[in-house]
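This report walks through a structure in prose, moving from a single residue to the sheet, a helix and the charged pairs. Please keep the sequence and the structure at hand while reading.

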Amino acid sequence: MLYQELQPVDTFKLKMASPFSDYDRQLLTLFYQPLIGPHAMSLFMSFWADAEREKETEFNHYYLMNLLTMPLGQVFEARISLEAIGLLRTYCKQEGDDRSFVYELLAPMDAKSFFDDPLLSTFLFSKIGEQAYRGLRNRFLNENLLDDNYKEVSRTFLDVYKPIRPGAIEQTDENSEIQGRNESTGIQFAYSDFDFNLLHAGLSEQMVPKSSLASVPKELIQKLAFLYSLTPIDMQKVVMMALDENLRLPESRVRKAAVDYYKTNISQTVPTIEKVFTKEIAVPSKEPKSREDKFIFYMENTAPREMLKDYTGNEPLPVDVELAERLVTVHGFPVGVVNVLLHYIIIRNDGKITKNYAERIASHWANKKIGTAKEAMEISRKEHDQYIKWQNEGSKKSPSRKPTRIEKVPEWFYQKDEENDQQPASDVDPSIDEERKRLLQERLNAISSGVK
């Protein structure tokens with residue numbers, strides 16, 4: 001399901017809706033970071049840094065996986081978190097098998113708008129607690145330094161400037177657009193389950209004038225109903241509680257009435273907001289239980305660079321990382337297939353990755369249209385003898401020379417028969433076979449310790 005949404009080879013460009021300031025950085029760090037988490041925050045800050053390049057640059061998502069040391073699933077989850085909170089807009093273009101994105105970075109809401117939004121302010125309250133929440137409010141309060149003894153003496157435009165004889169006005173391209181500071185519109189919200197007709201039906205014109213109810217934004221009513229689990233009948237009571245002496249409905253009174261109604265009739269506990277969309281994407285439909293399933297899940301969800309680092313315990317060589325990146329970005333192999341290929345080769349070749357050998361196997365897999373880690377493991381088992389011949393052809397050793405050491409293969413190479421739980425018959429000496437099993441088990445325990 002994830003690969004239908006995003007692949008490492010997919011490219012993207014960055015666009016900023018408006019220049020960001022240090023004030024925006026404070027808002028992102030203090031207000032948004034507790035809501036979106038460290039992964040989404042890291043993604044946004046990386047986008048911000050790259051978007052400020054003087055020259056527009058095209059990237060691929062494998063670049064993000066390496067930059068953030070995140071598997072593709074976490075990158076996607078971070079992206080949709082930014083979209084949901086109103087910090088990112090995503091545009092996609094599909095041309096044949098090629099897919100490209102444009103990510104538009106949006107400025108955060110200013111402090112007043114953030115605290116006035118019932119969803120965001122309550123979400124923040126539930127994340128950081130009452131004391132920290134009040135501290136943030138006090139920090140961003142606009143202190144009034146003026147008392148009644150101060151009078152404004154500022155000059156107006158006409159006090160300072162006067163018109164001059166008009167000259168010719170240079171014609172400009174009507175299609176051109178001047179970039180300015182775009183104020184944030186907040187989160188995109190459409191709570192279609194709320195029935196406004198039922199709300200209006202229970203309120204008489206004498207008690208609540210239509211003009212008063214129309215002055216309250218529909219989105220505010222939808223957000224309050226969503227956040228506090230209010231039905232249209234509940235919202236009728238909230239509206240009645242919020243009316244002032246002039247039969248008007250100030251937004252501040254509507255918000256306060258919704259809170260009071262919730263505490264009185266529903267719960268004294270602050271409502272919380274739970275992320276649900278990521279469960280459909282990031283969590284596999286069937287949790288991997290067997291050792292091989294866990295290994296496949298690890299291979300499919302780990303960047304090749306991290307896989308190599310986990311296996312060797314050291315930072316991989318640049319030439320090996322470059323080979324992995326080329327297989328992903330240029331040749332379009334899924335990450336899981338590249339991981340199985342590299343894992344097979346480093347074990348077969350005493351921890352070394354031979355470029356020509358890797359590319360020869362990769363070419364074979366491309367012809368066979370290998371698209372998953374499981375398929376890569378199966379073809380490795382099936383074509384193992386052929387791959388040994390290719391390895392010997394690229395070696396200076398004589399083909400007729402009998403090997404003096406135990407042949408090394410990945411721990412997943414021997415696939416157990418589910419019925420009799422036995423490995424296929426072999427002509428190998430039993431003592432050698434037992435030694436091979438021991439080595440394979442040691443390798444399996446080592447790699448399994450890195451699978452989460």
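## A residue and its surroundings

Leaving aside residues up to four places away in sequence, T122 touches L227, Y228, V270 and P271. In this predicted model, T122 is found in helix α6, which spans residues 118-139, and with a relative accessibility of 10% T122 counts as buried.

## The chain as a whole

The protein chain has 21 helices and four strands. Buried residues make up 40% of its 452 residues. Among the contacts in the protein chain with a separation of 6 or more, 73% are accounted for by residues that are 24 or more positions apart.

## The four-stranded sheet

The four strands form an open sheet in the order β2-β1-β4-β3, and the pairing is mixed. The edge strands are β2 and β3 (88-95), each of which pairs on one side only. Taking the pairs in the order of the sheet, β1 and β2 are antiparallel and joined over two bridges, with N60 in β2 as the bridge partner of T11. β1 and β4 run parallel and are joined by six bridges, and here L14 stands opposite Y103 in β4.

On the other side of the order, β3 and β4 pair in the antiparallel sense over eight bridges, with Q94 standing opposite R99 in β4. The hairpin of β3 and β4 has two residues between the strands, and in this hairpin G96 takes a positive phi near 65 degrees. β4 is mostly covered, since six of its eight residues are buried. Helix α4 (residues 72-85) lies across β3 and β4, and runs at about 125 degrees to β3.

## Helix α18

Helix α18 has 13 residues and reaches 18 Å from its first C-alpha to its last, which is close to the 18 Å expected at 1.5 Å a residue. Which residues of α18 are buried? They are Y357, A358, I361, A362, H364 and W365. Seen down the axis of α18, these buried residues fall within an arc of 160 degrees, so they line one face of the helix. An α-helix has 3.6 residues a turn, so residues three or four places apart point the same way.

On the other side of α18, N356 and N367 are exposed. The cover over the buried residues of α18 includes α16, α17 (335-348), α19 (373-382) and α20 (384-393). After α18 comes K369, whose phi is positive, near 55 degrees.

## Salt bridges

Side chains of opposite charge can pair when their charged atoms come close. A search of the whole structure finds 19 salt bridges. One of them joins K13 and E56, whose closest N and O atoms are 3.6 Å apart. K13 lies in strand β1 (residues 11-16) and E56 in the loop between α2 (22-51) and β2 (59-60), so this pair ties together parts that are 43 residues apart in sequence. K13 is partly exposed, with a relative accessible area of 31%, whereas E56 is exposed, with a relative accessible area of 57%.

Strand β1 also contributes K15, which forms a salt bridge with E104, the closest N and O atoms being 3.9 Å apart. This pair links distant parts of the chain, with K15 in strand β1 and E104 in strand β4 (residues 98-105), 89 residues apart. Is each partner of this pair buried, partly exposed or exposed? K15 is partly exposed, at a relative accessible area of 45%, while E104 counts as buried at 8% relative accessibility.

Helix α18 takes part in a salt bridge as well, formed by E359 with R326, where the closest N and O atoms are 2.9 Å apart. E359 lies in helix α18 (residues 355-367) and R326 in helix α16 (residues 318-329), so the pair ties together parts that are 33 residues apart in sequence. Both ends are partly exposed: E359 has a relative accessible area of 29%, and R326 has a relative accessibility of 21%. Elsewhere, salt bridges that share partners join K112, D116, E251 and R255 into one network.

Key:
Residues numbered from 1 in each chain as written. Predicted model: local features only at pLDDT ≥ 70, side-chain atom pairs only at ≥ 80, totals over all residues. Heavy atoms only, no water. Salt bridge = Lys/Arg side-chain N within 4 Å of Asp/Glu carboxyl O. Buried < 20%, exposed > 50% of the residue type's maximum accessible area, 1.4 Å probe, protein only. Pairing = 2+ DSSP bridges. Contact = heavy atoms within 4.5 Å. Axes fitted to C-alpha atoms, helices over the stretch in contact; angles between N-to-C directions. Expected span 1.5 Å × (residues − 1). Arc of directions from axis to C-beta.
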